[in-house]
Every structure is written in structure tokens, then in C-alpha cells.
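Visitor: Please take a close look at a single part of this model. Choose one spot, start with its side chain, and then follow the trail outward.

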Amino acid sequence: MSKTTIPYKIYLSECEMPKQWYNVRADMKHKPAPLLNPGTLQPMTAEELSGVFCTELVKQELDDTTPYIDIPEEIIKFYKMYRPSPLVRAYCLEERLKTPAKIYYKFEGNNTSGSHKLNSAIAQAYYAKQQGLKGVTTETGAGQWGTALSMACSYFDLDCKVYMVKVSYEQKPFRREVMRTYGAVVTPSPSETTEVGRRILAEHPGTTGSLGCAISEAVEAAVSAEGYRYVLGSVLNQVLLHQSVIGLETKAALDKYGIVPDMIIGCAGGGSNLGGLISPFMGEKLRGERDYQFIAVEPASCPSFTRGKFAYDFCDTGKVCPLAKMYTLGSGFIPSANHAGGLRYHGMSSTLSQLYADGLMEARTAEQTSVFEAAEQFARVEGILPAPESSHAIRVAIDEALKCKETGEEKTIVFGLTGTGYFDMVAYEKYNNGEMSDYIPTDEDLQPGFDSLPKL
């Protein structure tokens, strides 16, 4: 098919939007291992989880068998404000690279939150409102999730309390102010406002924080207040379910023009965007209908997949959350203060971890300066300033396109552009000033985290 027959941007109409989320677990031969109660080490029951999460979200979290779950009409109505999002053919990047590869990216930055996170935020806020709750608590790394949840809570008139990783709170003040504009209360984590925050500060004086720390504080805040529940922007099965709207739209847009990708690439922190992007394609692979190459890209400074252990671990630093079986660096691992804030989590989605353990996808790391080099290369020819997180996927997409240039293969590459980087200008400034450095933890750096893994 020639270039002239495929537009720069492939849009779906409103009537072509997904009406159901896809649950990839229904097609998995090996299901993700169950969450464990941190006290009894037994699988968490729906009743136990309902003390922390909204009841309907607990049902979605535990559902391993239903392949498609209806999207409530009120959520679809909200989605229509910014969805369907475009699938873009990166013609300009292809020409700059002089590659025979065909490169597409699914752009999720065309909403005020600037990222894909709104897809799950509005769903979780909806179910909280349906349950009659007063508000929700959460954590955020780079701020995309906190911003998205603030918007969703504002829409449904819910209170929103956000614990923001301290280094991001300081580096990204404008992201913080967007959250406050939408009515959220934003606290740098770890903080003195919770018991677990005070304990972490005592054990790690001067720490810049981590998502694991912020999760601990948000959970404590939720269970300590009447009428509140905790919501999470990544990692959990329910979040990957909501984010499947990304992959469903991507597949529908590709099918519209008879395009079959060879590889699908996404950045990986906790797994929400990657899981959402690859889900329907992974379903085809699991059912034996078609094969794809899936690549997860994570920062070299926080290599959960590539150097972590597949084991049960606490989802948070304060060890108050359930244990999940996942690829992890240990809940006590505090990553360096790199700028890929949303990829600074010690573990990985249980669903993606099981798929990785089964050899159905691969993972790679990227160093920070190399990531920003790719980000600027992309921005200069494609006209979008990408988020640092997304730029990890851009890095590997460019690398794969250059391999095609060497071999002459005309592979079709699809990657997720999860959001924009306009609130990440401190990071871009450091890169442009030559002040950004790469950090790769040594085996000795990682060992304390592994030593802290629970002995089950």
C-alpha cells in the first residue's frame, strides 16, 4: 500500500469508539498470581479489598474470566471529549532516518492532563461516585496521573487528595498547580502528614521519594478517613482493563487500512499504558490467531523487568498494601532522581509480569541521555514535544527503524506516545545544558532491595 493511500493521521469516528474494555487475562493460559493479604499471606478476598478500593473496581480487579466488560454510558460520554485519539504515521521521522520501516504512534496527549491516564481516572472516579463516596486518595510520580484524577474528580464533584513523589513535586511545579486548579490537595511524599511517611523519612533522611512511598501514604490516608477509597493509576489489573481502550482504538485504526504491525513498543513503569496498548494484540497472540513482537522499555535506573526478580513483594515502601507477584527490585528500592518520574516504580504489573515470564514479550532498558536525544530528534521532525516516559518507547522505535535501514527490512513499528512533555521543561533544560547524567545501579545497589523481599 503506497504512502498516498494512508493518511498522516488515522481517526476513528465516535460510532467506532470501543463500547467495551478488553480483559486480556481472560485469554491468558497462566493467570496472574492473586494478591496476598500482608497479614495472613492468604489471597485477598473481595471483602478485604473493598476496604481500600471501590466495590465495582474490586470486581474488575479479580475478574480473570470475562473477556469484555461494558463501558458505562457516562464514561463513554466523557471519553468523547478527547477520544478517539489519533494513530499517526510518522512520515517525517521515517524520512529523516532514511528507513524502509513504517512507523506509527498512538498519541494520547490530546487532553488537559497531557497523557493516557485520564482513561482510567474517569472510570475510577465514576465508580467512586456511584458508590456514594466523598472522595479518593492517590499517589502520582511525574504528575500525569494526579492531574488526570484531579480532572475526573472535579467532573464528578469528589474530593481528591494526591501524594506526589517529592522530587517531581519540586521539579514540576506547574503540573502540581494544574492539580490544584482542579481542586486537588497535593502533598509532597514522603511527608509528615502520615505515620508511614514519618517512618520513611526517619529511615531515609533527605529522600527524594518514590511511587512506593507515595502509595503507602495515600492508602493510609484513605483507610483513615470515612467515605474515602484509594485509587491507583497503574500496575493493577483494573487499570490495564480501562487502558485497553488505547489498544482497541489502535487495532481498529490499523484494521481500517489493512495494516498489520510487526512490533509494538511501549514505555514501562507500572504497566498501564503498555498493557493498554498491547492488550488486544496480545489477545490475538494468546489465542494463536496472529504473532507480534512486544517490547517494554524501562529506564536503566529502575530496571524492574530486566534486572528484577519475579517474586511476591509489597506494592509499597511502607508495606501496608497487599503483596503482588511481579518483577520487582524490592519495595525498599529508592530509585535515583531521574526525570522519568512516572517510570520510577520498583515493581511491575502482575499481568505484564506473567506475560513476560511466559516469554510472550521482551524488555529493554534505555539510559536517560539517550532517551532525551531521541525525544528531541522526534520533536524536531514530528512537531510534538514528548513526555520523558514516552520517549523511552521513541528511543527503541528509532533503534529498530535504524536496524531496518541496515537490513533493508520493511517492518511496521507501532509505539505508544503516552503524552506531552510541556511540564517537563526542567528535564529538557538539564539535557540541553549538558547537566544530565546517566545512572545505572550496580548489583550491589540492587541487593538491599532483593534482601528485603518477603520470605514466603
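**Asp-63 and the trail from it**

Guide: A polar contact of 2.7 Å joins two side chains, those of Asp-63 and Thr-66. Keep in mind that this is a predicted model. Where does Asp-63 lie? Its place is the loop between helix H2 (55–62) and strand E3 (68–70). Is Asp-63 buried or exposed? Asp-63 is buried, because its relative accessible area of 17% is under the 20% cut-off.

Now look at what surrounds Asp-63. Leave out residues up to four places away in sequence, and Asp-63 touches Asn-23, Arg-25 and Ile-69. A longer step along the chain leads to Val-239. Asp-63 and Val-239 are 176 residues apart in sequence. In space, their C-alpha atoms are 13 Å apart.

That step points us to helix H11, which covers residues 237–256. Gln-238 is found in helix H11. Gln-238 counts as buried because its relative accessibility is 1%. Beyond residues up to four places away in sequence, Gln-238 touches Phe-53, Leu-57, Gln-60, Glu-61 and Gln-124. Of these, Leu-57, Gln-60 and Glu-61 carry numbers that fall in helix H2 (55–62). So the contacts of Gln-238 lead back to the helix on one side of the Asp-63 loop.

Stay in helix H11 and move on to Ser-244. With 0% relative accessibility, Ser-244 counts as buried. What lies around the polar side chain of Ser-244? One polar atom of that side chain is 2.9 Å from the backbone nitrogen of Tyr-22. The backbone oxygen of Leu-241 lies 2.6 Å from a polar atom of the Ser-244 side chain. Set aside residues up to four places away in sequence, and Ser-244 touches Trp-21, Tyr-22, Gly-276 and Ser-279. Tyr-22 therefore appears twice, by contact and by a polar atom pair.

Go back to Phe-53, one of the residues touched by Gln-238. Phe-53 also helps line a cavity, the second largest. How many cavities of 30 Å³ or more does a search of the whole structure find? The search finds 5. The second largest holds about 110 Å³ of space. Besides Phe-53, its lining includes Leu-35, Ile-215, Tyr-230, Leu-232, Val-235 and Leu-236. Cys-315, Cys-321, Pro-322 and Tyr-345 line it too. What classes of residue form this lining? It has 11 nonpolar residues, no polar ones and no charged ones.

The cavity lining brings us to cysteines. A disulfide is a covalent bond between the sulfur atoms of two cysteines. How many disulfides are counted here? The count is 0. Cys-213, for one, is in no disulfide, and its nearest cysteine sulfur, that of Cys-321, is 12 Å away. That gap rules out a disulfide, because the sulfur atoms would have to be within 2.5 Å. Cys-213 is buried, at 0% relative accessibility. Cys-15 is exposed instead, with a relative accessible area of 67%.

Now compare the Asp-63 loop with some other loops. Most residues other than glycine have a negative phi, and most peptide bonds are trans. Lys-98 has a positive phi of about 55 degrees, although it is not a glycine. Lys-98 is found in the loop between helix H4 (91–97) and strand E5 (102–107). At 63% relative accessibility, Lys-98 counts as exposed. Asp-157 also has a positive phi of about 55 degrees without being a glycine. Its loop runs between helix H6 (144–155) and strand E7 (159–165). Asp-157 is exposed, at 65% relative accessibility.

Two prolines show a cis peptide bond. One such bond joins Arg-83 and Pro-84, with omega about 0 degrees. Pro-84 lies in the loop between helix H3 (73–79) and strand E4 (87–89). Another joins Ser-189 and Pro-190, with omega about 5 degrees. Pro-190 sits in the loop between strand E8 (185–189) and helix H9 (195–203).

One last loop holds Ala-300. It lies between strand E11 (293–299) and helix H13 (304–307). Like Asp-63, Ala-300 is buried, here with a relative accessible area of 7%. Ala-300 and Pro-441 are 141 residues apart along the chain, yet their C-alpha atoms are separated by 7.9 Å. Leaving aside neighbours within four places in sequence, Ala-300 is in contact with Pro-441, Ile-440 and Tyr-439, and with Thr-365, Ala-366 and Glu-367.

Conventions. Residues numbered from 1 in each chain as written. Predicted model: local features only at pLDDT ≥ 70, side-chain atom pairs only at ≥ 80, totals over all residues. Heavy atoms only, no water. 1 Å grid on protein atoms, 1.4 Å probe; cavity = no way out; pocket = protein on both sides within 12 Å on 5 of 7 lines; lining within 4 Å. Points joined across faces, edges and corners; volume = space filled by probe spheres on them. Nonpolar A, V, L, I, M, F, W, Y, C, P; charged D, E, K, R; others polar. Helix = DSSP H or I, 4+ residues; strand = E, 2+ residues; numbered from the N terminus. Buried < 20%, exposed > 50% of the residue type's maximum accessible area, 1.4 Å probe, protein only. Polar contact = N/O pair within 3.5 Å; in protein donor to acceptor, adjacent residues only side chain to side chain. Contact = heavy atoms within 4.5 Å.
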